[in-house]
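The following exercises concern backbone geometry, strand pairing and helix packing. Each task is followed by a worked solution.

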Amino acid sequence: MVKKKLREPLEDHKGNLYFDGVSTIDLAKTYDTPLYVISEKRIQDNYNRLYGALVNNYKYVRIYYAAKANTNLNVLRVLQSQGAYLDTVSPGEVFLALSSGFTPDRILFTGTNVRNDELKMLADANITINVDSQSEMDRLLKISVPQILSVRVNPEVGAGHHNHCITAGPESKFGLWEEEVIQAYAIAQRARVERFGIHMHIGSGILEFEPYVQAVEKLLSIAKRVHKEVGIDFEFIDIGGGFGVPYKPKEKEFDVQEFSNKVVNLFKNKTKEYGLGKPFLFVEPGRYLVADACILLTTVNTVKVTPSRKFAGVDAGFNTLLRPAMYGSYHPILVANNLTATSTETYDIAGPICESGDLLAKDHSVPDINEGDLLAVLNAGAYGYSMSSQYNSRPRAAEVLIRGGKPLLVREREQLKDLVTNQKMHGEV
Ligand code: LLP
């Protein structure tokens, strides 16, 4: 077998996997599994690489981390201290943002099908809103007229790693279409909103630049029309997130400098050509900042060979990491205590959930697996813990943060008692 090349922060120490300088075997012994392990340094590196590449071509750039990818308070805090802003989608995310130290002026809200009480809470907290429909704008303006307002545009081009994750184009529920957008700004202006932004987010897990080129062109042509026909200036233009990371061995990196050269330069040239001044360019990456900064450790408890398949049964299922079951997503998996093994076998890696779809991987090529082995599921930092559940009444996993080469428990493993929190039994039946 060709030995897999490990990339930072993964390291092979005599056949054992280290993550950001810490032995995964020790982590599993100390904290048990399933366990999410987060590298603070990798998040910082991802942020700085992206920011550096963008700012190289345009000075007025802000990164709004899409909190939904990973809302661990420490992840939020690390990004905040790097200089990030935050994109949120629910009152819960706003609450976590404020709890982690983000001030309201650094938080954006891009919800969909938002309730009035949620709009009121956002207005009271002075949080800038990207409205997703005319209905949302009308209801917001009745509750309170914000100083600044932004409209989410459907630029008619979407992209993403799975249909569920394409958030623009004809099938999408998100955003307003061109003619509606013009109307919306006119209404906001009549209502005496003073400052404006404009927003799009075309999808998630995008590894090519072409969809961004097309969508940015469309967004800016709409911004130009609004500027001319309604007579307003844009303080910011938000082109969303969606920057992919390679999961499969053959996928290549999303080269952020190349992205910047193509897309940020296009933005710079077009805003100038269209007389849009020098608005802030906002981007909203989630996955790019956190996916490869976290692994999921899980222990093999059962090896089962049937006439047609070979299963490695582990203690993390789609309750812990939903992506493979929900989108058929591929995550690389290593045998953390046996990196040097040369033989390869093909396994289905199955979790403890009582559904046949509960596979972390199908036909995964790994060295021969034994009961007691420790597996590391890579690229687990984005939409991992944040999409986990208590399905099958399994308490959620614990999370550890590696800071300066030392592990810190940042989220306790849930206990059985957490399964009854919020439940009430009502008397005799
Ligand atoms: N901005 C908005 C308005 C979004 O809806 C999203 C993601 C992002 C930014 C960040 O997208 P990212 O840079 O992380 O691709 N659960 C799926 C991904 C769903 C993404 C939803 N919206 C997955 O596990 O692949």
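A residue is called buried when its relative accessible area is under 20%, exposed when that area is over 50%, and partly exposed in between. The model under study is predicted.

**Exercise 1.** Determine where Asp32 lies, and assign its exposure class from its relative accessibility.

Solution.
- Step 1: Asp32 belongs to the loop that runs between H1 and S4.
- Step 2: The phi angle of Asp32 is near 70°, a positive value in a residue other than glycine.
- Step 3: The relative accessibility of Asp32 is 45%, so the residue counts as partly exposed.

**Exercise 2.** Carry out the corresponding analysis for Asp363, beginning with the element that holds this residue.

Solution.
- Step 1: Asp363 is placed in strand S17, which spans residues 359–366.
- Step 2: Phi of Asp363 is positive, near 50°, and the residue is not glycine.
- Step 3: With a relative accessible area of 47%, Asp363 is partly exposed.

**Exercise 3.** Characterise the peptide bond from Glu8 to Pro9 and the one that joins Thr33 and Pro34.

Solution.
- Step 1: From Glu8 to Pro9 the bond is cis, and omega is near 5°. Pro9 sits in the segment before strand S1 (10–13).
- Step 2: Thr33 and Pro34 are joined by a cis peptide bond with omega about -5°. Pro34 is found in the loop between helix H1 (24–31) and strand S4 (35–39).

**Exercise 4.** Describe the barrel by its strand order and the sense of its pairing, and examine the pair S6 and S7.

Solution.
- Step 1: The barrel is closed by eight strands in the order S5-S6-S7-S8-S9-S10-S11-S12, with parallel pairing. From one strand to the next, the twist averages 25°.
- Step 2: Three bridges link strand S6 (residues 85–88) to strand S7 (residues 107–109) in the parallel sense. Ile107 in S7 is the bridge partner of Leu86.
- Step 3: Helix H6 (residues 134–143) packs on the sheet, where it touches strand S8 (128–131) and strand S9 (148–152). The direction of H6 makes about 145° with that of S8.

**Exercise 5.** Specify the packing of H2 and H9 by angle and axis separation, and identify the residues that meet.

Solution.
- Step 1: Helix H2 (residues 40–55) packs with helix H9 (residues 256–273) at an angle of about 30°, and their axes are 8 Å apart.
- Step 2: The crossing of H2 past H9 is right-handed.
- Step 3: On the H2 side, Arg49, Leu50, Ala53 and Leu54 meet Val256, Gln257, Phe259, Ser260 and Val264 of H9. Classified by type, this contact has six nonpolar, two polar and one charged residues.

Key: Residues numbered from 1 in each chain as written. Predicted model: local features only at pLDDT ≥ 70, side-chain atom pairs only at ≥ 80, totals over all residues. Heavy atoms only, no water. Axes fitted to C-alpha atoms, helices over the stretch in contact; angles between N-to-C directions. Helix = DSSP H or I, 4+ residues; strand = E, 2+ residues; numbered from the N terminus. Left-handed = near helix turned anticlockwise from the far one by under 90°. Contact = heavy atoms within 4.5 Å. Nonpolar A, V, L, I, M, F, W, Y, C, P; charged D, E, K, R; others polar. Pairing = 2+ DSSP bridges. Buried < 20%, exposed > 50% of the residue type's maximum accessible area, 1.4 Å probe, protein only.
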